[in-house]
Amino acid sequence: MKQPHHSPHVPYAAHLVERRDLSDDTALFRIAPEADALAQLSSFVPGQFVQLSVPGAGEIPISPADLPAAEGTVELCVRRVGHVTELLHKLEPGAQLGLRGPFGCGFPLDEMAGRPVLLLAGGLGIAPLRSLLMHLLRQRERYGDITLMYGAKQPRLMLFREELAALAAAGGMRLYLTVDFAPEKLEGGYSCAVGLLPDLLKGFRFDAASTYAAVCGPPPLYRCLVADLERAGVAAQRILLSLERRMRCGVGRCCHCGIGQKLCCVDGPVFRASDLKGIPEAL
Amino acid sequence: MANNFLKTSRLDQFLDALRLFGELHAPTTSESGVHRFSLLDDPADLNLDYRRTQIPPKKYLLPFREEILHCAGDTYREGHCGAVDMVLFGVHSCDLEGIAYLDRVFLADPADPGYSARRASLTLVGVTCHPDDFCFCPEGTVSTACDLFLAASGDGFHLTSHSVRGNAILAAAEHLLEEGVPLQPATSSGLCFPPQDPELRFSDHPLWEKFASTCVSCGACSVCCPTCYCFDVREYPALSGGCTRIREWDNCLFASHGEVAGANFRPERLDRLRYRFLHKYCGFTPLQGISSCVGCGRCKEVCPVDIDLRELTVAPKQVQP
Amino acid sequence: MRPMKLAITGLTACSGCQLTLLNCEDELPELLARCELVYFPLAESGNKLEVQFDAAIVEGAVSTPKDLELLFRLRNASKVLVAYGTCALFGGVAAMNNMTCSRHDLLQAVFGAAEKLPESFAPAPLANYVSVDAVVTGCPPEKQEIAELLAALAAGTLPPPRSYPVCTECRSRENLCLLLEKNELCLGPVVQGGCNARCPATGIVCEGCRGPVREANVAQELELLLERGFGRDEIERRMSRFKPEWDYGQRH
């Protein structure tokens, strides 16, 4: 079917189907875009991003937290941090939204096939990595060992904890959770360490020579983890970082998302650590 | 051989011929003495002796502020691009090259709808210029990135067409032209300022610190630059219920330029000057390795604190403390 | 949709900001459709304060015990408190002599050697006393900016901020640069834009009525003006007209 001409500015119509609170300030929004938008999303590669419009407030780049579902919805995990996300968090199911994308380059899945994959997520960084994880698990036989290490500030800020525990229990992956500190008693069955994500990595034995690492988290985490992973023997080309920038356009024009001479919206948001060497402002 | 020489005495009639191709805009001088491109009603207002206009012709293609989307009943629709047939007369080579650069950014796939519509209805007529102390283009550079170029010579202009539309203008103005001595082939669009090594942005040149402390982040350098196109996008609801999304020229020297929620990737002015240097002289994807400086001299002329980023590419002389 | 309940009022001020709102003739019918103006003493009678407001839009500086009392009441009764106009944001014209004269001297200059002077203190921005959720700057603010704020409040959001100085819009309008070309005492580089360079467009320098832009390079502006032959006193007097305190060493 021929795709009708569509302006790169104009968001496709979408509406909010369901919202599930994950923590005090973060929720998972299930969104149903119109058919043309879904057709575009069928090419979605984990790590790519979409531009979500909240009418009246504006547009924000978000990396979907899962692959588009068969019933035609997309899941976006969004923290309330600015005026667009504030308004999104006030919306009721049925509310109109807008969606453009997907944009950018996602994880190099073909290259990762047959290899062990180590996912390292800090805080809200679990969102983009969750779509990668879902892809890996759905095509489980295509990849080697799958390990997810996920660190949050404290237990109540840990997102998707029960769901991740269930996935681990099903046997498809190994899961290591950690919190920076634990003011309250840890509830739930799955064990959770107290400490930082790099501490988890330190005690981890893995096949560094063939593993692909996928990292997403707050800026300071990257610097630390990239050094640790390299020290452990993971080559910089196999360390994949999903970076955050405030893309306004998504198509390489507004120039807010420059990282060295690359643009996060077209060359990223997933970069290889080897491509970011010598670009201090990247991380 | 076709006639291609226009005597200055017939310029007014030539301008009338140009009006056949659209609304005629040309360099004029405002009441307060500012050179600018504006609608030319009266040929007497034409000021072809200008050095540079305050704002380059990019304002016709990428307006300072543009309503790109309207949302009513929760559905977003493209804003009106406002394209009308227009002839821009009297553009200098540097500005023509500036438009050629913007074309590479905004006409690349997926083409920007507003820009493409306006560009398609814009006819460009270039003219020879006389560089002054602020210009940094190689002398005698003649751009071919236009429909028609008027090279000043003696008591008139040699006309060279560079497009089908240029040919059409020559045909429409044939009765005004006479035979002229053929011009030497024009110097091809020369590089005004060669691409720079990206590593230079981390040099220990003392001017980096000096510029970082004196730059007032007024935005003039990029507002007036023919190839600066960074834009911000903001959305404003209307009391009636809908909303409007605008895009507006932005500047990489503003604190907000590299911000995300909770972090700023270019927190210091020095970081932002480096970003500017990198974008201007080294290029971003997909124009890596291409310098976007066309040598018009505007940034140097309008900077209140005399910052000239090009000085960072030459060995430090004696830097004033 | 439930109309939002608004309080619109002024403290120590000239009411110019509130009048600007009343002058938005084109928007008023829409505004009245979307809002219930519960408390707006300047515009109507029968005002009630004993309710919960969706938003309170407050003009003026705080300089009397009565100002403070009203401000606290509105803060406690409102989901969103808007500092409306330069006085509410920076102290404004009423505060211009805060740094140079004592309050007592100023009161005596106005009221003479009366036995009992009115109770008042140095005019200060709202944020010195209460938390402020949104701001609209300007003396008076631009109609467009107050319309944007009201529309955003009605939509459950706030308008996105502009973060460029007056120079950006001024250059874009192809005005003559009064600072560089006419050697005048223009504050454009350090003052918050959004006014579309209203004054320089008519040949009047920017006097800074919208307060400092983010990351104003105040030290460099001062140097620039000193180099151009203006005296330090003259510069400081001009700069403090709408905001009494500036950090003259600030570069970032």
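In this predicted model, the contact between chain B and chain A takes 39 residues from chain B and 35 residues from chain A. On the side of chain B that touches chain A, at least two residues each are supplied by β4 (65-72), β5 (75-78), α3 (93-106), β11, β13 (259-260) and α8 (269-281) of chain B. Of that side, the largest share comes from β11(B), which gives six residues. By residue class, the side of chain B that touches chain A divides into 22 nonpolar, seven polar and ten charged residues.

Chain B also touches chain C, in a contact that draws 33 residues from chain B and 37 residues from chain C. Here the elements of chain B that each supply at least two residues are α6 (206-214), α7 (220-223) and β11 (231-237), and β11(B) provides the largest share of the side that touches chain C, with three residues. The strand β11(B) is therefore worth locating in the view, since it is named among the contributors to the side that touches chain A and among the contributors to the side that touches chain C. The residues that chain B turns towards chain C divide into 19 nonpolar, eleven polar and three charged.

Turning to the inside of a single chain, the domain assignment of chain A gives domain 1, covering 12-103, and domain 2, covering 109-276. The C-alpha centres of these two domains of chain A are 21 Å apart, and their contact takes 19 residues from domain 1 and 19 residues from domain 2 of chain A. On the side of domain 1 of chain A that touches domain 2, the elements giving two or more residues are β3 (49-54), β5 (74-79) and β6 (96-103) of chain A; among these, β6(A) gives the most, with three residues. This side of domain 1 of chain A comprises ten nonpolar, six polar and three charged residues.

The strands just named can be followed into a sheet of chain A, an open one of six strands with antiparallel pairing, in which the order is β4-β3-β6-β1-β2-β5. Its edge strands are β4 (58-62) and β5 of chain A, each of which pairs on one side only. On average, with direction ignored, neighbouring strands of this sheet are turned by 40° against each other. At one end of the order, β3(A) and β4(A) run antiparallel and are joined by five bridges, and within this part of the sheet A:V50 has A:I62 in β4(A) as its bridge partner.

Notes: Residues are numbered from 1 along each chain as its sequence is written. Chains are lettered from A and ligands numbered from 1 in the order in which they are written. This is a predicted model: local features need pLDDT of at least 70, side-chain atom pairs count only at pLDDT 80 or more; totals for chains, interfaces and linings use all residues. Domain bounds come from an automatic or database domain assignment. Two residues are in contact if their C-beta atoms, placed from the backbone, lie within 7 Å. Helices (H or I, at least four residues) and strands (E, at least two) are DSSP runs, numbered from the N terminus. Ala, Val, Leu, Ile, Met, Phe, Trp, Tyr, Cys and Pro count as nonpolar, Asp, Glu, Lys and Arg as charged, and the others, Gly among them, as polar. Two strands pair if DSSP finds at least two bridges between them. Axes are lines fitted to C-alpha atoms, for helices over the stretch in contact, and angles run from 0 to 180 degrees between N-to-C directions.
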